[in-house]
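Let's take a friendly walk through this protein chain together. Keep the 3D view open beside you and look for each residue as it comes up.

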Amino acid sequence: MGFVLNHKLNKTLDYFVEQCPVKQDLFRGGPVEMENLYYIHRLGSKIPNSIEIENGLFWSGDFKMAMALVKKEEIQSSDIRFFLGYAGWGYDQLMQEIKCQTWELVENGYGQKLLSVDPKILWKNEMSKLGGRYKIWSNAPPDPQLN
């Protein structure tokens with residue numbers, strides 16, 4: 001399971017979640033279950049039942065508590081990112097795709113600050129760091145057909 005980190009939607013969370021009066025950014029997490037809402041955050045125990053996925057980054061947790069914190073504006077957009085859908089793979093599918101060089105693995109050099117990186121420059125930064133044959137992708141427009 002994974003999430004697309006740099007595809008911000010034109011709608012905000014309040015459009016889909018009635019109890020959310022705040023204009024919180026919303027992202028397209030991937031093509032699977034796009035009718036479901038997911039989130040990653042760096043709030044740890046502030047959102048009970050969260051699952052730590054990396055040092056200081058958490059997935060999911062008590063949704064009512066997350067919404068209460070958003071409503072009270074105790075959560076900054078740099079603390080949490082909401083997604084419609086996710087990216088998913090079948091058993092061993094991702095490992096096979098990595099072997100076929102469909103994916104390029106990179107370390108999370110941002111740590112907990114990953115959620116505060118401007119999604120418009122995240123892809124550009126990562127492709128530039130890879131260099132070589134990837135450098136051209138750092139300057140590609142979001143929709144190459146519009147180029």
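## Salt bridges

There are four salt bridges in this structure, which is a predicted model. One of them joins Lys 8 to Asp 25, and the closest N and O atoms of the two are 3.6 Å apart. Try finding both ends: Lys 8 sits in the segment before α1 (13-16), while Asp 25 belongs to the loop between α1 and β1 (26-28). The two residues are 17 residues apart, and the pair links distant parts of the chain. How open to the surroundings are the partners? Lys 8 has a relative accessible area of 40%, so it is partly exposed. Asp 25 is partly exposed as well, at 29% relative accessibility.

Another salt bridge brings together the side chains of Asp 14 and Lys 23, with 3.0 Å from N to O. Here the partners fall into two classes. Asp 14 is partly exposed, because its relative accessible area is 21% and the buried class ends at 20%. Lys 23 reaches 62% relative accessibility, which means that it counts as exposed.

## A bridge between two loops

Now look for Asp 79 and Arg 42, which also form a salt bridge, their closest N and O atoms lying 3.0 Å apart. Where in the chain do Asp 79 and Arg 42 lie? Asp 79 is in the loop between α2 (63-71) and β5 (80-86), and Arg 42 is in the loop between β2 (32-41) and β3 (51-54). With their positions 37 residues apart in the count, this pair too links distant parts of the chain.

Is Asp 79 buried or exposed? Asp 79 counts as buried, because its relative accessibility is 12% and the cut-off for buried is under 20%. Its partner Arg 42 is partly exposed, with a relative accessible area of 25%.

## The sheet

Next, turn the view until you can see the strands side by side. Five strands make up an open sheet with mixed pairing, and their order is β1-β5-β2-β4-β3. At the edges are β1 and β3, each of which pairs on one side only. From one strand to the next, the twist averages 35°.

The strand β5 is a good place to see what mixed pairing looks like. With β1, it pairs in the parallel sense over three bridges. With β2, β5 pairs in the antiparallel sense over six bridges. Which residue of β5 is the bridge partner of Phe 27? That partner is Phe 83, and Phe 83 is also the bridge partner of Tyr 38.

Why is β5 described as largely enclosed by the rest of the structure? Seven of its seven residues are buried, so the rest of the structure largely encloses this strand. As you look along a strand, keep one general rule in mind. In a regular strand, side chains alternate between the two faces of the sheet.

## A nonpolar patch and a helix end

Let's move on to the surface. Trp 123, Ile 136 and Trp 137 make up a nonpolar surface patch there, and together they have about 380 Å² of accessible area. One of these residues, Trp 137, is found in helix α5 (residues 135-138). Trp 137 has a relative accessible area of 47%, so it is classed as partly exposed.

For another stop, find Leu 130 in helix α4 (residues 119-130). Leu 130 is partly exposed, at 30% relative accessibility. How far apart are Leu 130 and Val 106 in sequence and in space? They are 24 residues apart in sequence, and their C-alpha atoms are 8.7 Å apart in space.

## The whole chain

Finally, zoom out. The chain contains five helices and five strands. Starting at the N terminus, these elements follow one another as α-β-β-β-β-α-β-α-α-α. The radius of gyration is 16 Å, close to the 15 Å given by the globule rule for 147 residues, so the chain is as compact as a globular protein of that length.

Measured against the principal axes, its C-alpha atoms fill a box of roughly 45 × 35 × 25 Å. Of the 147 residues in the chain, 33% are buried; Asp 79 is one example of a residue that counts as buried.

Terms used: Residues are numbered from 1 along each chain as its sequence is written. This is a predicted model: local features need pLDDT of at least 70, side-chain atom pairs count only at pLDDT 80 or more; totals for chains, interfaces and linings use all residues. Side-chain values use heavy atoms; hydrogens and water are left out. Helices (H or I, at least four residues) and strands (E, at least two) are DSSP runs, numbered from the N terminus. Buried means under 20% relative accessible area, exposed over 50%, partly exposed in between (1.4 Å probe, protein chains only). Two strands pair if DSSP finds at least two bridges between them. Axes are lines fitted to C-alpha atoms, for helices over the stretch in contact, and angles run from 0 to 180 degrees between N-to-C directions. Patches are made of residues with over 30% relative accessible area and no salt bridge: like charges are joined within 9 Å, nonpolar side chains (Val, Leu, Ile, Met, Phe, Trp, Tyr) within 5 Å. Accessible areas come from the Shrake-Rupley method with a 1.4 Å probe; for residues, only the protein chains shown count as cover. The radius of gyration is taken over C-alpha atoms; the globule rule is 2.2 Å times the number of residues to the power 0.38.
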